[in-house]
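Subject: A structure for you to look at

Hello,

Here is the structure I promised to send you. Have a look at it first, and then read my notes below with the model open beside you.

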Amino acid sequence: MQRTCFDNNSNMISAKLKQLRDAAGMSQETLAAQMQTYGISIDQQMISRIERNKRLVKDYEFAVICQIFKVTERELLSDFYEKYSN
């Protein structure tokens, strides 16, 4: 299976997602359950893989994560912008 990545990352939100989730006092299981209320088929193991940078994040998952944590897309991608801004 071909692995899609950018600069050895499967996604650019792994660290920020964990930081937001920890700051909210939310478990991976709770985050998955909240995402499921939006109709997204995701479980705790998938959240773990995202946070460990082992899984791509789909655009609709990204949008829902922003909704759940009440952050903008740019805030969720802040690590990317800090690293790659000129």
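Let's begin with helix α3, where Ile47, Ser48, Ile50 and Glu51 are the buried residues. Looking down the axis of α3, you will see these buried residues fall within an arc of 160°, so they line one face of the helix. Among the elements that cover them are α1 and α2. Please keep in mind that this is a predicted model.

Both ends of α3 are worth a look. At the N-terminal end, Asp43 acts as a cap, with a side-chain oxygen 3.1 Å from the backbone nitrogen of Gln45. Just after the helix comes Asn53, with a positive phi of about 65°. Asn53 is not a glycine, and its place is the loop between α3 and α4. Is Asn53 buried or partly exposed? Its relative accessibility is 14%, and the limit for buried is under 20%, so Asn53 counts as buried.

Asn53 also leads us to helix α1, which holds Ser14. Setting aside neighbours within four places in sequence, Ser14 is in contact with Ile50, Glu51 and Asn53. Ser14 is buried too, with a relative accessible area of 11%.

Next, turn to α2. Its buried residues are Gln28, Leu31, Ala32 and Met35. They cover an arc of only 100° around the axis, which puts them on the same side of α2. The cover over these residues includes α1, α3 and α4.

Now for α4. Here the buried residues are Glu61, Phe62, Val64, Ile65, Cys66, Ile68 and Phe69. They pack against α1, α2 and α5, the last of these spanning residues 73-76. Just after α4, Lys70 takes a positive phi of about 55°.

With those helices in mind, which residues touch the most other members of the largest nonpolar core? This core has 20 residues, and the ones in question are Leu31, Met35, Ile42, Ile65, Ile68, Phe69 and Leu76. Helices α1 (14-23), α2 (28-36), α3 (44-51) and α4 (59-69) each supply at least two residues of the core. The helix that gives the most is α4, with 6 residues. To see one of these residues in its surroundings, click on Phe69: leaving aside neighbours within four places in sequence, it is in contact with Leu17, Leu20, Arg21, Ala24, Met26 and Leu31.

The aromatic rings make a nice next stop. How many aromatic pairs does a search of the whole structure find? The search finds 4. One of them is formed by Phe80 and Tyr81, whose rings are 5.4 Å apart centre to centre, with 75° between the planes, which is an edge-to-face arrangement. Those two numbers are the ones to look for, because a pair of aromatic rings is described by the distance of the centres and the angle of the planes. Phe80 and Tyr81 also belong to one aromatic cluster with Phe6 and Tyr84.

How accessible are the two rings of that pair? Phe80 is partly exposed, with a relative accessible area of 24%, and Tyr81 is partly exposed as well, at 27% relative accessibility. Tyr81 has another partner: Arg74 lies over its face, at 3.7 Å from the ring centre.

Helix α6 covers residues 78-84, and Ser78 is found in it. A polar atom of the Ser78 side chain lies 3.1 Å from the backbone oxygen of Glu75. At 16% relative accessibility, Ser78 counts as buried. Ser78 also shows how the chain brings distant parts of the sequence together: Ser78 and Met12 are 66 residues apart in sequence, but their C-alpha atoms are 9.0 Å apart in space.

One last residue to find is Asp7, in the segment before α1. Its phi is near 50°, a positive value in a residue other than glycine. Unlike the buried Asn53, Asp7 is partly exposed, with a relative accessible area of 41%.

Enjoy exploring, and write back with any questions.

Best wishes

Note on methods: Residues numbered from 1 in each chain as written. Predicted model: local features only at pLDDT ≥ 70, side-chain atom pairs only at ≥ 80, totals over all residues. Heavy atoms only, no water. Helix = DSSP H or I, 4+ residues; strand = E, 2+ residues; numbered from the N terminus. Buried < 20%, exposed > 50% of the residue type's maximum accessible area, 1.4 Å probe, protein only. Polar contact = N/O pair within 3.5 Å; in protein donor to acceptor, adjacent residues only side chain to side chain. Core = buried A, V, L, I, M, F, W, Y, C linked by side-chain atoms within 4.5 Å. Contact = heavy atoms within 4.5 Å. Phe/Tyr/Trp six-rings, centres within 6.5 Å; stacked < 30°, edge-to-face > 60°. Lys NZ or Arg CZ within 6 Å of the ring centre and 35° of its normal. Arc of directions from axis to C-beta.
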